[in-house]
There are 2 protein chains.
Amino acid sequence: MMNFEKTNKNLFLSFWPEFKEIVSAQETYAFDPDMSQQQAYSIWVEQPLESYVLVENDIVLGSYYLKANAMGPSNHIANCGYMVSKHARGQGVARQLCLHSQQRALTLGFKAMQFNSVVSTNEVAIRLWQKLGFDIIGTIPKAYQHKTKGLVDSYIMYKWLAEKDL
Amino acid sequence: MMNFEKTNKNLFLSFWPEFKEIVSAQETYAFDPDMSQQQAYSIWVEQPLESYVLVENDIVLGSYYLKANAMGPSNHIANCGYMVSKHARGQGVARQLCLHSQQRALTLGFKAMQFNSVVSTNEVAIRLWQKLGFDIIGTIPKAYQHKTKGLVDSYIMYKWLAEKDL
């Protein structure tokens, strides 16, 4: 049985090898590929408003963070990042993470969600976010130094979550 | 005579009334309109890589910060924010700040510069950034709660600074 749990230190540690592999691959995340486990924990769990893992039989299938994308007059827009464990790909985990995060964002009072750096070569993710209602609202030229493809563009994606305006 | 100086605590304190007025106006900055002087100092001077003031006869005409807009594979893109003192408007101060910041960004090894939240109603700023070579690369719908105009869009603006790719 799958269930969401708030990411604590132990859950993060069990997910860290997956996290490290994803960041080291330098294909999807604008995180330092050589970041330490402590830096990762700070960025993924401590600094955000919330962080969740999707767990099945004590195995972490994936994780996400949720935070405000900006302050003050723009603090109604949330920002999230998602990671899926290698062994759990192709099972709809990213979809579950994103749907859960949208619910959490609404519960926390956010009205919209924005992704600031969706690497343009990450086609599987882009298609999924689009299916879930996110639009590409901007393209950052030469934004990401892809490990094998060189400098590629990144997309900014956005979805209005609330039924009504502020 | 005008000159640029690194923002230190005293220079920031002399600029703080201007800073506070700009943020309180809730027309241009995605900062908490009620932020404290300590929070402002942290965001504007301590957290960024660099912060400068443009000074004339011991009076601060304006200030900017410079930092990396993202980490790791995207850490070649800089991000800046600029503020001009009320009494110094219409004298090309913002232009000088932006030109100086572009030079500093190149010196620090950045290849591009990105503004994440240019409020769409801030037409004077948008025209100036465009004149200085920045393009609007994206529009964030309903991104900014403007004090008098309600929810307005923000633009993401971008300029490639380096002559060559990475």
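Over residues 10-162 of chain A, the chain is 33% helix and 37% strand, and the C-alpha atoms at the two ends sit 34 Å apart. Helices here are DSSP runs of H or I with at least four residues, strands are runs of E with at least two, and both are numbered from the N terminus. That stretch comes up in UniProt too: an unreviewed entry annotates residues 10-162 of chain A as "domain: N-acetyltransferase". UniProt positions are given in the numbering used here, feature names are shortened, and such annotations may be inferred rather than shown by experiment. The model is a predicted one, so local features need pLDDT of at least 70 and side-chain atom pairs count only at pLDDT 80 or more, while totals for chains, interfaces and linings use all residues. Residues are numbered from 1 along each chain as its sequence is written, chains are lettered from A and ligands numbered from 1 in the order in which they are written, and side-chain values use heavy atoms, with hydrogens and water left out.

Next comes the place where the two chains meet. In all, 31 residues of chain B are in contact (heavy atoms within 4.5 Å) with 31 residues of chain A. The area buried between chain B and chain A is about 2300 Å², and carbon and sulfur atoms give 65% of that. Buried area is the accessible area, taken with a 1.4 Å probe, that two parts lose on being put together, summed over both. On the chain B side, Met71(B), Pro73(B) and Lys142(B) lose the most area to chain A, together 24% of what that side buries. Between chain B and chain A there are 0 salt bridges (a salt bridge being a side-chain nitrogen of Lys or Arg within 4 Å of a carboxyl oxygen of Asp or Glu). Polar contacts are another matter: 12 residue pairs make one across the interface of chain B and chain A, both residues being at pLDDT 80 or more. A polar contact is a pair of N or O atoms within 3.5 Å; within protein, one must be able to donate a hydrogen and the other to accept it, and residues adjacent in sequence count only if both atoms are side-chain atoms. The elements giving two or more residues to the side of chain B that touches chain A are β5 (112-119), β6 and β7 of chain B. The largest share of that side, 9 residues, comes from β6(B).

One residue that reaches across is Ser74(B), in the loop between β3 (59-68) and β4 (77-84) of chain B. Leaving aside neighbours within four places in sequence, Ser74(B) is in contact with Ala30(A), Ser117(A), Ala143(A) and Tyr144(A). Ser74(B) is buried, with a relative accessible area of 4%. Buried means under 20% relative accessible area, exposed over 50%, and partly exposed in between, using a 1.4 Å probe and protein chains only.

Salt bridges do turn up elsewhere, with 6 over all chains. In chain A, the side chains of Glu21(A) and Lys86(A) pair up at 2.7 Å, N to O. This pair links distant parts of the chain, with Glu21(A) in helix α1 (residues 9-25) and Lys86(A) in the loop between β4 (77-84) and α3 (93-107), 65 residues apart. Glu21(A) is partly exposed at 39% relative accessible area, and Lys86(A) is exposed at 52%. In chain B, Lys86(B) and Glu21(B) also meet in a salt bridge, 2.7 Å from N to O. Another one joins Glu50(B) to Arg104(B), with the closest N and O atoms 2.6 Å apart. Glu50(B) lies in strand β2 (residues 50-56) and Arg104(B) in helix α3 of chain B, so the pair ties together parts 54 residues apart in sequence. Glu50(B) counts as buried, at 7% relative accessibility. Over in chain A, salt bridges that share partners join Lys6(A), Glu50(A) and Arg104(A) into one network.

Loops have their own details. Lys147(B) is in the loop between β6 (135-146) and β7 (150-160) of chain B, and is exposed at 54% relative accessibility. A polar atom of the Lys147(B) side chain lies 3.0 Å from the backbone oxygen of Ser24(B). The C-alpha atoms of Lys147(B) and Glu27(B) are separated by 6.2 Å, although these residues are 120 apart along the chain.

Finally, some backbone angles. Most residues other than glycine have a negative phi. Gln26(A), not a glycine, has a positive phi of about 55°, and is buried at 15% relative accessible area. Asn57(A) also has a positive phi, near 50°, but is exposed at 61%.
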